[in-house]
Amino acid sequence: VLDRARYIQAQNDLRDALNEARILAARRDYDAAAEAYEAYFEQAGKRLKKDVVEYAIMLSSAERYTEAVAVLRSVVEEQFDYDVAKEMGRIQSYQKDYSGAIATIDQLLQINPRDYELVFLKAQSLRALGYYTEARVLYGDALVVAEDSEAIEERIIGIDADVRFELVQS
């Protein structure tokens with residue numbers, strides 16, 4: 001009975017530690033939240049994938065993209081997870097690591113070529129690197145898969161404006 005009570009108390013303490021990290025993240029006190037997550041992981045003695053992904057998303061919210069990508073990469077390397085790899089590609093794009101984002105996205109598109117969000121993200125990355133023609137083609141592909149998305153149509157118009165601007169600059 002005493003062992004069960006200790007176990008229950010330990011589980012409650014773990015839950016409280018994780019909730020404290022979440023509260024700090026919600027308050028946008030990201031440095032304190034990162035410390036609280038690390039303390040939680042140490043107290044737990046293991047890192048559950050869902051908690052590690054949550055931690056990486058918090059790091060991304062704090063614009064600590066390099067750390068977030070490293071955390072997600074460790075999860076994907078341990079056991080491939082499509083959604084985690086997709087989040088890693090998003091964060092790589094946010095941190096302007098467009099080449100890394102494209103590499104991650106290409107791997108995922110081999111698994112699911114109809115994921116229009118990934119096609120869209122790849123197009124954005126290509127556009128940022130100045131590959132307007134390739135980006136325009138991918139936006140068109142994403143538009144077909146997404147079944148006429150207004151947001152994608154606006155991106156295609158934006159690429160046309162980028163091309164005109166590049167011509168004026170040269």
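**Helix packing and side-chain pairs**

With a relative accessibility of 22%, Glu-54 counts as partly exposed, where partly exposed lies between buried, under 20% relative accessible area, and exposed, over 50% (1.4 Å probe, protein chains only). The model is predicted, so that local features need pLDDT of at least 70 and side-chain atom pairs count only at pLDDT 80 or more, whereas totals for chains, interfaces and linings use all residues. Residues are numbered from 1 along each chain as its sequence is written, and side-chain values use heavy atoms, with hydrogens and water left out.

The side chain of Glu-54 meets that of Arg-22 in a salt bridge of 2.7 Å, N to O, the term requiring a side-chain nitrogen of Lys or Arg within 4 Å of a carboxyl oxygen of Asp or Glu. This pair links distant parts of the chain, since Glu-54 belongs to helix α3 and Arg-22 to helix α1, 32 residues apart; helices here are DSSP runs (H or I, at least four residues), numbered from the N terminus. Arg-22, at 33% relative accessibility, is likewise classed as partly exposed.

Helix α3, which holds Glu-54, has 13 residues that should span 18 Å at 1.5 Å a residue, and its end C-alpha atoms are indeed 18 Å apart, which agrees; the expected span is 1.5 Å times one less than the number of residues. Its buried residues are Asp-51, Val-52, Val-53, Tyr-55, Ala-56, Met-58, Leu-59 and Ser-60, and these pack against α1, α2, α4 and α5. Just after the helix, Glu-63 takes a positive phi of about 60 degrees.

Two of these buried α3 residues, Tyr-55 and Met-58, return in the largest nonpolar core, a set of 46 residues in which Tyr-37, Tyr-55, Met-58 and Leu-72 touch the most other members. The elements that give two or more residues to this core are α1 (2-26), α2 (30-44), α3 (49-61), α4 (65-78), α5 (82-94), α6 (98-111), α7 (116-128) and α8 (132-146). Such a core consists of buried Ala, Val, Leu, Ile, Met, Phe, Trp, Tyr and Cys residues joined through side-chain atoms within 4.5 Å. Leaving out residues up to four places away in sequence, Tyr-37 touches Leu-18, Ala-21, Arg-22, Asp-51, Glu-54, Tyr-55 and Met-58, a contact being heavy atoms within 4.5 Å. Both partners of the Glu-54 and Arg-22 salt bridge are therefore among the contacts of Tyr-37.

The aromatic rings can be followed next. A pair of aromatic rings is described by the distance of the centres and the angle of the planes. The structure holds six aromatic pairs, for which rings of Phe, Tyr and Trp (its six-membered ring) must have centres within 6.5 Å, planes under 30 degrees apart being stacked, over 60 edge-to-face and the rest tilted. Phe-41 and Tyr-55 form an edge-to-face pair, with 5.7 Å from centre to centre and 80 degrees between the planes, and they link distant parts of the chain, Phe-41 in helix α2 and Tyr-55 in helix α3, 14 residues apart. Phe-41 and Tyr-55 are both buried. Tyr-65 and Tyr-94, by contrast, form a tilted pair at 6.2 Å centre to centre and 55 degrees between the planes; Tyr-65 lies in helix α4 and Tyr-94 in helix α5, so this pair ties together parts that are 29 residues apart in sequence. Tyr-65 is buried at a relative accessible area of 19%, whereas Tyr-94, at 45%, counts as partly exposed. One aromatic cluster is made up of Tyr-37, Tyr-40, Phe-41 and Tyr-55.

Among the 13 salt bridges found in the whole structure, Asp-106 pairs with Lys-122, the closest N and O atoms being 2.6 Å apart, and the pair links distant parts of the chain, with Asp-106 in helix α6 and Lys-122 in helix α7, 16 residues apart. Asp-106 is partly exposed at 29% relative accessible area, while Lys-122, at 17%, counts as buried. Glu-67 forms a salt bridge with Arg-64, with 2.8 Å between the closest N and O atoms. Lys-86, Glu-87, Arg-90, Asp-115 and Glu-117 are linked in a network of salt bridges.

Lys-122 also leads to helix α8, in which Leu-138 has its place: apart from neighbours within four places in sequence, Leu-138 is in contact with Val-119, Lys-122, Ala-123 and Leu-126. Leu-138 is buried, with a relative accessible area of 16%, and its C-alpha atom is separated by 16 Å from that of Asp-162, 24 residues apart along the chain.
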